[in-house]
Number of protein chains: 2
Amino acid sequence: MRAGPSQEEIRRQNLGALLRFVHVRGSISRAELTSELGLNRSTIGALTADLAAVGLVSEEAPRETGRAGRPSLVVRPSSDLVYAYAASVEVDRIRVARVGLGGVILDQREAPRPRGEAIEAVRPVADFVAQMAEQVKPQARCIGAGIAVCGLVRREDGLVRLGPHLGWLDEPLGHALQDRLPDLLPQVAVGNVADLCALAEHTRGVAVGCDNIIYMYGDVGVGAGIIAGGRRVTGHGGYGGEVGHMVVNPHGRACGCGSRGCWETEIGEHALLHAAGRDTAQGAEAVLAVVEAAARGDATAQVAVRQVGDWLGFGVANLVNIFNPELVIFGGTLRDVYLAAAAQVRSRLNSIGLPATREHVRLRTPKLGGDAALLGAAELAFEQLLADPLG
Amino acid sequence: MRAGPSQEEIRRQNLGALLRFVHVRGSISRAELTSELGLNRSTIGALTADLAAVGLVSEEAPRETGRAGRPSLVVRPSSDLVYAYAASVEVDRIRVARVGLGGVILDQREAPRPRGEAIEAVRPVADFVAQMAEQVKPQARCIGAGIAVCGLVRREDGLVRLGPHLGWLDEPLGHALQDRLPDLLPQVAVGNVADLCALAEHTRGVAVGCDNIIYMYGDVGVGAGIIAGGRRVTGHGGYGGEVGHMVVNPHGRACGCGSRGCWETEIGEHALLHAAGRDTAQGAEAVLAVVEAAARGDATAQVAVRQVGDWLGFGVANLVNIFNPELVIFGGTLRDVYLAAAAQVRSRLNSIGLPATREHVRLRTPKLGGDAALLGAAELAFEQLLADPLG
């Protein structure tokens with residue numbers, strides 16, 4: 001029941017729409033912007049000039065088109081001058097990137113994650129940011145940082161309420177990073193890794209143009225990033241998408257969360273390695289080793305992959321009945337598991353999914369691969385700028 | 001990436017916001033509208049005049065306030081002059097109401113549902129509508145009809161793809177009704193009953209002001225109406241919310257959908273009646289009889305209620321982990337089951353729900369009771385008018 005916007009709000013909305021368009025789609029001519037945004041040429045010209053004046057976009061003559069007439073100027077995002085830092089805090093490693101407006105990864109570093117609390121993980125992140133900052137042009141502008149983390153993140157302040165596989169409880173990850181680099185980082189936003197992978201794939205990956213998607217993310221644990229009707233489903237406090245703790249097997253194994261038979265206990269890293277008789281192994285490489293052994297004909301590994309694939313399809317079918325998505329994306333370690341067990345997944349989907357809810361669903365792997373978490377974290381950091389470019 | 005609205009769109013948005021406000025909140029003074037909508041007095045005056053000119057609202061002097069100064073005129077929805085028909089097609093009965101703008105039920109009829117296809121169910125609906133139409137003031141205006149149905153409804157055209165407990169497959173319910181009464185009904189919209197109950201409770205019931213809710217609806221089958229971030233989650237084709245076909249018990253009973261161990265097989269009407277040793281009984285009254293027997297101390301009924309309550313909590317906990325809602329509402333026959341087995345539901349929620357996802361969730365019964373389906377169907381019919389009041 002919001003009333004229509006004021007003139008000032010409309011201008012902000014138009015500036016945001018134009019900047020977001022260029023940010024997501026890359027260089028684009030004024031003529032295309034005019035038709036895509038449904039605004040007239042003079043408005044597009046004025047908006048572009050405003051954005052260019054503060055260095056968010058630049059304009060240039062297009063390459064020779066071979067056509068007659070004066071060509072339309074091309075507007076491009078100032079990726080080298082406006083950027084965010086993006087970090088991904090995972091069980092085994094931390095990654096940091098500098099991402100330019102337009103979603104361009106300009107620099108990237110990686111290190112093992114130091115064990116311990118958030119303050120420990122923040123140290124190498126801050127070091128990488130400080131190192132990268134030295135390479136930046138003096139006139140460039142950092143708009144902040146985004147962090148993807150495998151845990152439950154409180155929306156209002158980015159507190160990591162629970163990071164079960166990090167051993168974290170109530171860790172103020174964002175504040176810890178900002179406290180270390182108050183001069184470099186005007187703001188730090190934190191989000192769940194599966195949510196941010198979904199955001200990235202929706203913005204510039206395999207899910208562009210799809211308004212109802214589920215991004216399944218597997219690491220040690222399992223979570224989902226869900227987009228319904230074009231909007232992220234994050235719930236009341238920000239903790240939605242904990243599909244790994246949907247109980248699928250009432251008589252199943254005990255889960256670290258205190259419950260029993262959670263989906264994670266059937267499709268997580270431990271479940272696959274246990275079924276393959278490799279209980280002492282761990283990590284994404286160990287998961288890949290099982291999948292590869294299965295491909296080579298190792299019978300134990302094949303049984304393990306089929307069993308996990310069966311449970312993967314089981315839970316996905318439940319989610320398809322609940323959400324009626326058009327796209328399910330398998331990311332993280334679940335990417336390889338899905339590729340090796342697509343037949344099991346599809347079979348379960350066909351037997352459990354209702355015809356109407358599953359008939360148009362496509363099962364896919366990510367387009368952005370491992371970069372999704374970083375690009376999603378960068379999107380989180382860019383959100384405020386895109387909502388109010390001159391604010 | 002939509003650009004800001006044009007002046008014409010803003011006017012439409014403002015008219016819609018004002019009309020929706022009056023529709024949802026009832027009579028309200030111009031002064032309150034001014035502050036609630038954040039528009040100035042002259043704009044509110046002009047918008048109100050436009051809506052009054054086409055008979056959507058009326059203005060009157062307020063009752064004596066006892067305060068000094070000229071009192072602000074009160075704007076009220078023209079409930080007696082602008083109305084929709086609302087129908088609910090359930091397994092055992094059909095209900096039809098005439099609902100005035102503002103959500104006022106002006107007239108209501110009920111009949112057993114004739115067995116057979118949609119065309120059979122439409123006959124008494126059309127008869128009731130025709131009877132009610134005779135009582136309507138000649139200057140009153142019908143804006144259409146909405147129908148709630150216990151089935152999977154295709155969003156684009158209202159086709160009932162599957163109504164498992166109605167015995168329906170691909171039934172054009174809306175078209176069938178409109179074809180019978182083309183002169184009385186300018187449009188007919190169809191929606192899933194759980195979705196529409198959620199919409200009604202969100203608009204004017206227990207969920208007003210709550211943006212993340214799950215409405216559990218139990219009849220013979222079980223479904224959910226889900227609202228996330230203030231918007232209905234209906235999925236790609238409109239079939240979302242089929243939580244009754246989330247498999248919770250891989251070794252459970254065969255379900256009518258062809259799968260096994262669906263939640264519906266553990267908490268649906270048949271599950272309760274079977275557990276209570278009353279396999280030959282059926283219907284909402286039979287469910288209530290078991291709950292009442294349990295309350296009187298009947299041991300078999302008590303075991304049945306506890307067992308179903310346990311599974312009810314099991315599935316609700318899964319949904320809480322997936323959606324992190326602030327409110328779960330138990331409607332239809334699940335209302336009585338929940339009230340009798342709240343301890344089991346809460347216990348399961350505490351053992352399966354993650355602390356962060358469940359900590360702020362409230363479990364409630366509907367405020368609108370059995371009227372929710374009719375009021376939700378009316379909201380569906382009113383949607384177009386509220387989006388563009390003068391269109």
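How many residue pairs are in polar contact across the interface of chain A and chain B? I looked this up first, keeping in mind that the model is predicted, and the rule finds 22 such pairs, with both residues of each pair at pLDDT 80 or more.

**Entry 1: the side of chain A that touches chain B**

I then asked which elements supply this side, and noted that helix 1 (7-25), strand 13 (222-228), helix 10 (299-323), helix 12 (342-352) and helix 13 (355-358) of chain A each give two or more residues to it. Helix 1 of chain A makes the largest contribution, with eight residues. Sorting the residues of this side by class, I recorded 29 nonpolar, 20 polar and seven charged.

For the extent of the contact, I wrote down 56 residues from chain A and 56 residues from chain B. The two chains bury about 4600 Å² between them, and 65% of that area lies on carbon and sulfur atoms. I also looked for salt bridges between chain A and chain B and found a count of two; in one between these chains, A:Arg161 pairs with B:Glu359, with 2.6 Å between the closest N and O atoms.

**Entry 2: how the copies are related**

I next checked the superposition of chain A on chain B, which takes a rotation of 180° with 0.0 Å of shift along the axis and gives an RMSD of 0.0 Å. The two copies are therefore related as by a two-fold rotation axis. Looking for the residue of chain A that comes closest to this axis, I found A:Val248, whose C-alpha lies at 2.8 Å. I also compared the interface residues of the two chains: 100% of those in chain A are interface residues in chain B as well, so the copies meet through the same surface.

**Entry 3: domains within chain A**

Turning to a single chain, I noted that the domain assignment divides chain A into domain 1 (7-77), domain 2 (82-196 + 371-387) and domain 3 (209-366). I followed the pair formed by domain 2 and domain 3 of chain A, whose centres, taken over C-alpha atoms, are 26 Å apart. In this pair, 18 residues of domain 2 are in contact with 20 residues of domain 3, and the two domains bury about 1500 Å² between them, 49% of it on carbon and sulfur atoms. On the domain 2 side, A:Arg155, A:Ala194 and A:Asp195 lose the most area to domain 3, together accounting for 39% of what that side buries.

I counted one salt bridge between domain 2 and domain 3 of chain A, and seven residue pairs in polar contact, both residues being at pLDDT 80 or more. Strand 8 (152-153), helix 6 (193-204) and helix 14 (372-387) of chain A each supply at least two residues to the side of domain 2 that touches domain 3, with the largest share, four residues, coming from helix 6. By class, this side holds nine nonpolar, two polar and seven charged residues. I also recorded a salt bridge between the side chains of A:Glu383 and A:Arg232, at 2.7 Å from N to O.

**Entry 4: salt bridges overall**

Over all chains, I noted 38 salt bridges in the structure. One that I looked at joins A:Asp92 to A:Arg115, with the closest N and O atoms 3.7 Å apart. This pair links distant parts of the chain, 23 residues apart: A:Asp92 sits in the loop between strand 4 (82-89) and strand 5 (93-100) of chain A, and A:Arg115 in the loop between strand 6 (104-112) and helix 4 (118-134) of chain A.

Methods
Residues numbered from 1 in each chain as written. Chains lettered and ligands numbered in written order. Predicted model: local features only at pLDDT ≥ 70, side-chain atom pairs only at ≥ 80, totals over all residues. Heavy atoms only, no water. Domains from an automatic or database assignment. Contact = heavy atoms within 4.5 Å. Buried area = accessible area lost by both parts, 1.4 Å probe. Salt bridge = Lys/Arg side-chain N within 4 Å of Asp/Glu carboxyl O. Polar contact = N/O pair within 3.5 Å; in protein donor to acceptor, adjacent residues only side chain to side chain. Nonpolar A, V, L, I, M, F, W, Y, C, P; charged D, E, K, R; others polar. Least-squares fit on C-alpha atoms with pLDDT ≥ 70 in both.
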